[in-house]
Amino acid sequence: MSNELHFIAIIPARYASTRFPGKPLAMLGGKTVIEHVYRQARQALTDVAVATDDSRIFDCVRAFGGEAVMTRNDHPCGTNRCFEAYQTLRGDVRPNDVVINIQGDEPFIRPEQIKLLMSCFPTDIATLVKPFTEEDGQDALHNPNSPKVVVGDGRALYFSRSVIPYLRGIDESAWLAESVRRGTPFYKHIGLYAYSAPVLRDIVRLPESPLEKAESLEQLRWLEAGYTIRVAQTNIQTIGIDTPDDLLRAEEALTATIR
């Protein structure tokens, strides 16, 4: 039996969103957000599918020639939705499959970022981080909606909404500059994951863990269960769309790239 890995990208996309209902179908540069994400993923992979619980998103993806899978509407997170879609597409869990979970609200995800994630395998799980720079500023570093990661030996040691590691004896206003000077930057987590298919099957069965409940970060459940999360570093800043204001910023960024 061949040991060659097979990668498949699945894009979870829900219509319901507290801050921006229907955002996968929002228009950006003449195409829907979900079409942008799908086409970016297809530049890196042949096997790409959107996993959704809404017929409007399903029909939209099929209309532009993409593959879509209908899933249940009661999944607690995109990871579970990915696994259901994977089962629908593949029938069973194949040991050499790797499932890449690409957020449905990341229209600027780059093919090279997806390939960087793929280069982490074989492993249990992989994700991306981006170093914070002085230009990012203190507000970005302290933003609890932007999780931070402690990295060691190419793997994630811990994720937190707080700034980690703590620089003892250094005024917080100087933390960014000091981290750059030391060559040990703070890392921002980029919410792009890839999982070995058997690991994906197992982690969706895990109960919520204490650290996960404390930080509201599902990846802590995986670390607490003993799984390895390999980390690759990217310096590319993407624009995720969580609100209508984010969509406006994305439109401006898209216009700037066309000029």
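These are my notebook entries on a predicted model of one protein chain.

**Entry 1: the whole chain**

I began with the overall dimensions. The chain has 259 residues and a radius of gyration of 18 Å, which agrees with the value near 18 Å for a compact globule of that length. Along the principal axes, the C-alpha atoms fill a box of roughly 55 × 50 × 35 Å. I then looked up the secondary structure and found 10 helices and 11 strands.

Next came burial and contacts. Of the 259 residues, 52% are buried. Among contacts with a separation of 6 or more, 67% join residues 24 or more positions apart.

**Entry 2: surface and charge**

I looked up the accessible surface, and it comes to about 12600 Å². Carbon and sulfur atoms own 47% of that area. For charges, I found 29 positive and 34 negative side chains. The centres of these two sets lie 2 Å apart.

**Entry 3: helix H2**

Which residues of H2 are buried? In this helix, residues 55-63, I noted Ile-57, Phe-58, Cys-60 and Val-61. Viewed down the axis, the buried residues of H2 fall within an arc of 165°, so they line one face of the helix. A reminder to myself: an α-helix has 3.6 residues a turn, so residues three or four places apart point the same way.

I also wanted to know what the buried residues of H2 pack against. The partners are helix H1 (33-42) and four strands: S1 (6-13), S3 (31-32), S4 (48-52) and S5 (68-70). After H2 comes Gly-65, with a positive phi near 95°.

**Entry 4: helix H4**

I made the same lookup for H4, residues 111-118. Here Pro-111, Gln-113, Ile-114, Leu-117 and Met-118 are buried. Around the axis they cover an arc of only 160°, which puts them on the same side of H4.

What covers them? The cover for the buried residues of H4 includes S1 and H1, along with strands S6 (97-101), S7 (125-131) and S10 (187-196). S1 and H1 are familiar from my H2 entry, where the buried residues of that helix pack against them.

**Entry 5: Gly-78**

My last stop was a single residue, Gly-78, in helix H3 (residues 78-90). Is Gly-78 buried or exposed? Its relative accessible area is 26%, so I logged Gly-78 as partly exposed; the buried class would need under 20%.

Leaving out residues up to four places away in sequence, Gly-78 touches Pro-12 and Asn-101. I also checked Gly-78 against Ile-102: the two are 24 residues apart in sequence, with 9.3 Å between their C-alpha atoms.

Terms used
Residues numbered from 1 in each chain as written. Predicted model: local features only at pLDDT ≥ 70, side-chain atom pairs only at ≥ 80, totals over all residues. Heavy atoms only, no water. Helix = DSSP H or I, 4+ residues; strand = E, 2+ residues; numbered from the N terminus. Rg over C-alpha atoms; globule rule 2.2 N^0.38 Å. Buried < 20%, exposed > 50% of the residue type's maximum accessible area, 1.4 Å probe, protein only. Contact = heavy atoms within 4.5 Å. Areas by Shrake-Rupley, 256 points an atom, 1.4 Å probe, with all protein chains shown as cover. Lys, Arg positive; Asp, Glu negative; His and termini not counted. Charge placed at Lys NZ, Arg CZ, Asp CG, Glu CD. Arc of directions from axis to C-beta.
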